[in-house]
Amino acid sequence: MKRNPRRAYDKDGKEIQPATVGSERARGCKLAEVWCNDCVRYAEVSLYGLPDDLPIPDICLRYRCSKCGGKNLSSRGSISEHYEKAQESRGKSMRSPPAIVAIGTAASRRS
């Protein structure tokens, strides 16, 4: 049996059910991240208008990268919303997550 690359599997090889758009909405989330595996561009997309039974890892099948045009994408729940919810549950104010710095950017090549 061929494994789905957008799914997780337990130690016995049984597929673990992924989060769905509906389960993320029930948690109060409104966004998902879609990453391009070719050029490493990412965008946050709204869960509005997506069907509740759509698995979060399958959201990427509906998009194409706006930078390179590729379809080699992956998707997950929004990390920024995850951090916000975690901070709220601890009663702390939200701090910005660490910035993502690309290695080998044009600025670093100049030096």
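User: Happy to look at this one together! Read along the sequence, which pattern of helices and strands does the protein follow?

Analyst: Glad to help, and please keep in mind that this is a predicted model. The protein holds three helices and five strands. Read from one end of the sequence to the other, these elements follow the pattern β-β-α-β-β-β-α-α.

User: What share of the residues counts as buried, and what share of the contacts with a separation of 6 or more comes from residues 24 or more positions apart?

Analyst: Of the 111 residues of the protein, 27% count as buried. As for the contacts with a separation of 6 or more, the share from residues 24 or more positions apart is 56%.

User: Now the open sheet: in what order do its three strands stand?

Analyst: The pairing in this sheet is antiparallel. β4 and β5 (73-77) stand at the edges, each with a single partner strand, so one side of each has no neighbour in the sheet. From one strand to the next the twist averages 30°. The order of the strands is β4-β3-β5.

User: How many bridges join β3 to β5, and which residue of β5 stands opposite Val34?

Analyst: β3 and β5 run antiparallel, and five bridges join them. Opposite Val34, the residue in β5 is Ser75.

User: On the other side of the pairing, which residue of β4 is the bridge partner of Ala32?

Analyst: β3 and β4 also pair in the antiparallel sense, over five bridges. Trp35 stands opposite Tyr42 in β4. For Ala32, the bridge partner in β4 is Val45.

User: Which residue in the turn of the β3 and β4 hairpin has a positive phi?

Analyst: In this hairpin, five residues lie between β3 and β4. The phi in question is about 65°, and the residue in the turn that has it is Val40.

User: Why is β3 described as largely enclosed by the rest of the structure?

Analyst: A residue counts as buried when its relative accessible area is under 20%. Trp35 is at 17% relative accessibility, so Trp35 is buried. β3 is largely enclosed because the buried residues in this strand number five of the six.

User: The structure holds one aromatic pair; which two residues form it?

Analyst: The two ring centres are 4.6 Å apart, with 15° between the planes. Planes under 30 degrees apart count as stacked, and this pair is stacked. One partner, at 39% relative accessibility, counts as partly exposed, while the other, at 17%, counts as buried. The pair is formed by Trp35 and Tyr42.

User: Which ring has the charged end of Arg3 over it?

Analyst: The charged end of Arg3 sits 4.3 Å from the centre of the ring. That ring belongs to Tyr9.

User: Moving to α2, how does the distance between its end C-alpha atoms compare with the span it should have?

Analyst: Helix α2 (residues 79-90) has 12 residues, and at 1.5 Å a residue these should span 16 Å. The value agrees with that, as the end C-alpha atoms of α2 are 17 Å apart.

User: Which residues of α2 are buried, and what angle does its direction make with that of β3?

Analyst: The buried residues of α2 are Ser80, Glu81, Ala86 and Gln87. They pack against β3 (31-36) and β4 (42-46). As a whole, α2 packs on the sheet, touching β3, β4 and β5, and the angle between its direction and that of β3 is about 140°.

User: Which residue follows α2?

Analyst: The residue has a positive phi, near 75°. It is Gly91.

User: Is Glu24 buried or exposed?

Analyst: Glu24 is found in helix α1 (residues 21-26). Not counting residues up to four places away in sequence, Glu24 touches Ala19, Cys29, Leu47, Ile56 and Gly77. Its relative accessibility is 8%, so Glu24 counts as buried.

User: Last one: how far apart are the C-alpha atoms of Pro57 and Leu73?

Analyst: Pro57 is found in the loop between β4 and β5 and, at 16% relative accessibility, counts as buried. Leaving aside its neighbours within four places in sequence, Pro57 is in contact with Arg6, Arg7, Pro18, Ala19 and Ser75. Pro57 and Leu73 are 16 residues apart along the chain, and their C-alpha atoms are separated by 9.6 Å.

Note on methods: Residues numbered from 1 in each chain as written. Predicted model: local features only at pLDDT ≥ 70, side-chain atom pairs only at ≥ 80, totals over all residues. Heavy atoms only, no water. Helix = DSSP H or I, 4+ residues; strand = E, 2+ residues; numbered from the N terminus. Expected span 1.5 Å × (residues − 1). Buried < 20%, exposed > 50% of the residue type's maximum accessible area, 1.4 Å probe, protein only. Contact = heavy atoms within 4.5 Å. Phe/Tyr/Trp six-rings, centres within 6.5 Å; stacked < 30°, edge-to-face > 60°. Lys NZ or Arg CZ within 6 Å of the ring centre and 35° of its normal. Pairing = 2+ DSSP bridges. Axes fitted to C-alpha atoms, helices over the stretch in contact; angles between N-to-C directions.
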